[in-house]
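Thanks for coming, everyone. Have a look at the sequence and the structure on the screen, and then I'll walk you through a few spots.

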Amino acid sequence: MNSNFEVGRLCLIRHCQTPAFHALLAGQTFVPYSYDITDVPVDPLTVEPERREAWARSRQQVGSNVRRLRLAAGLTQEALALESGLSRNVLIDLEHGRRGVLFERLFDVAEALGTGVDELVTLTPQA
């Protein structure tokens with residue numbers, strides 16, 4: 001089998017979307033970028049317990065702040081969910097500290113509450 005046929009077949013299989021195949025077709029050597037994998041998001045279960053606990057405390061604090069600000073604004077969970085674009089179930093889990101939300105969604109929640117993101121993420125000492 002000739003190499004041009006093999007390259008063409010592989011190109012069709014992989015849809016010619018990888019830089020390595022483009023370099024191969026151009027007769028060049030492909031050198032991938034190296035990435036530092038220490039900053040790659042990881043499965044929370046593989047993180048040390050102290051870190052997981054810190055994340056849980058942060059989620060609890062953000063949820064507490066959202067609930068406090070929602071009540072101060074006189075909004076129901078459903079009203080805040082509609083205003084922010086979150087589902088009511090996500091908002092409930094957020095307020096109880098059972099889940100986090102995307103960074104971008106914090107801006108939506110803050111805007112719906114008429115405040116800044118800093119008010120949502122400010123950590124206050126436990127009483």
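Let's begin with A73, which counts as partly exposed because its relative accessibility is 42%; here buried means under 20% relative accessible area, exposed over 50%, and partly exposed in between, with a 1.4 Å probe and protein chains only. A73 sits in the loop between α3 and α4. Helices here are DSSP runs of H or I with at least four residues, numbered from the N terminus. The C-alpha atoms of A73 and A112 are 9.7 Å apart, although 39 residues separate the two along the chain. Also after α3 comes G74, with a positive phi near 70 degrees.

A quick word on what you are seeing: this is a predicted model, where local features need pLDDT of at least 70 and side-chain atom pairs count only at pLDDT 80 or more, while totals for chains, interfaces and linings use all residues. Residues are numbered from 1 along each chain as its sequence is written, and side-chain values use heavy atoms, leaving out hydrogens and water.

Now to α3 itself. Its 24 residues should span 34 Å at 1.5 Å a residue (the expected span is 1.5 Å times one less than the number of residues), and its end C-alpha atoms are indeed 34 Å apart. Its buried residues include A54, Q61, N65, V66 and R70, and the cover over the buried residues includes α4, α5, α6 and α7.

So what about N65, buried or exposed? N65 is buried, because its relative accessible area is 2%. A polar atom of the N65 side chain lies 2.9 Å from the backbone oxygen of L120. Beyond four places in sequence, N65 is in contact (heavy atoms within 4.5 Å) with E119, L120, V121 and T122.

Next, the largest nonpolar core, meaning buried Ala, Val, Leu, Ile, Met, Phe, Trp, Tyr and Cys residues joined through side-chain atoms within 4.5 Å. It has 16 residues, and V66, L91 and L120 touch the most other members. At least two residues come from each of α3, α4, α5, α6 and α7, with α6 giving the largest share, 5 residues. Setting aside residues up to four places away in sequence, L91 touches V66, Q77, L80, A81 and L86.

Finally, confidence. The protein's mean pLDDT (the predictor's confidence in each residue, from 0 to 100) is 78, and 64% of residues reach 70 or more. Over residues 7-15, pLDDT stays under 50. Where pLDDT is low, the predicted coordinates should not be read in detail.

Methods. Polar contact = N/O pair within 3.5 Å; in protein donor to acceptor, adjacent residues only side chain to side chain.
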